[in-house]
Amino acid sequence: VRHLRFLPVHQLAVNQLRQHRFLRRVLQVAHHLHPLHLVAGFQFLCHALVLGHLRHDLLHPALGGGAPETGLDIYCRGRTGLLADDGARWAVLILPGGGYERIAPAEGEPVALAFLAAGIQAFVLSYSVLPALWPRQFLEGAAALAWMRANAPELGFRPDQVAVCGFSAGGHLAGCLAGGYAEPLLNERLGLTPEQVRPDAAILGYPVVHEARYLDPLGGAEV
């Protein structure tokens, strides 16, 4: 966590807010709101959101930095001292789809915000895509889960309540993490134990589980 530059909303200038996709959309609709509604909504954001981005090499040094667009985006409610913010929340690692060729925006941040609205701390992993080959994506997902679990107290959730949620190709990756958390590869490459990686719940949205030919470009039989 010491490597992560958190961005509490109340400390951001308007020009910094515009750099964040979600907050940019808030500003786009703000002029339609009654001033009292706008103030109340902004006060909620100030207390509710902690935004951050973590490069892959900070998730685990063995991963290296990865492509500039990869990394872990963090959407967490801050501690307010209320009963609901006692650190006993669930967290979810979201893995968007995109056929391992791209990261689908609609399956990342919007999903994170829906979980956040339900009181679940949300993390979106922009994993490596082609030409990066398997098991790079598997290693990145495992490292993200282990990092989340190791930093759970600071991020306001329980380390034994970490779920994974994936869509399409991300559903394939989520399924691999849910079923392959004890793969020797994770210990050989990253030094991680099954206890560090194992998701406590898994949500697979239209995952790629039958059409293996779609995975051939990633490495064929190794996937």
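This is a short tour of salt bridges in a predicted model.

Before selecting anything, note that residues are numbered from 1 along each chain as its sequence is written. In this predicted model, local features need pLDDT of at least 70 and side-chain atom pairs count only at pLDDT 80 or more, while totals for chains, interfaces and linings use all residues; side-chain values use heavy atoms, with hydrogens and water left out.

Side chains of opposite charge can pair when their charged atoms come close. A salt bridge here is a side-chain nitrogen of Lys or Arg within 4 Å of a carboxyl oxygen of Asp or Glu. By this rule there are six salt bridges.

Select R55 and D57. Their side chains form a salt bridge, at 3.0 Å from N to O. R55 is partly exposed at 44% relative accessibility, and D57 is partly exposed at 22% (buried is under 20% relative accessible area, exposed over 50%, partly exposed in between; 1.4 Å probe, protein chains only).

Next, select D200 and R149. The closest N and O atoms of this salt bridge are 2.9 Å apart. D200 lies in the loop between α10 (194–197) and β7 (201–205), and R149 in helix α6 (residues 136–150), so the pair ties together parts 51 residues apart in sequence. Helices (H or I, at least four residues) and strands (E, at least two) are DSSP runs, numbered from the N terminus. R149 is buried, at 13%, whereas D200 is partly exposed, at 24%.

Keep D200 selected and add R198. Their side chains meet in a salt bridge of 3.2 Å, N to O. R198 is partly exposed, with 37% relative accessibility. Through shared partners, salt bridges join R149, R198 and D200 into one network.
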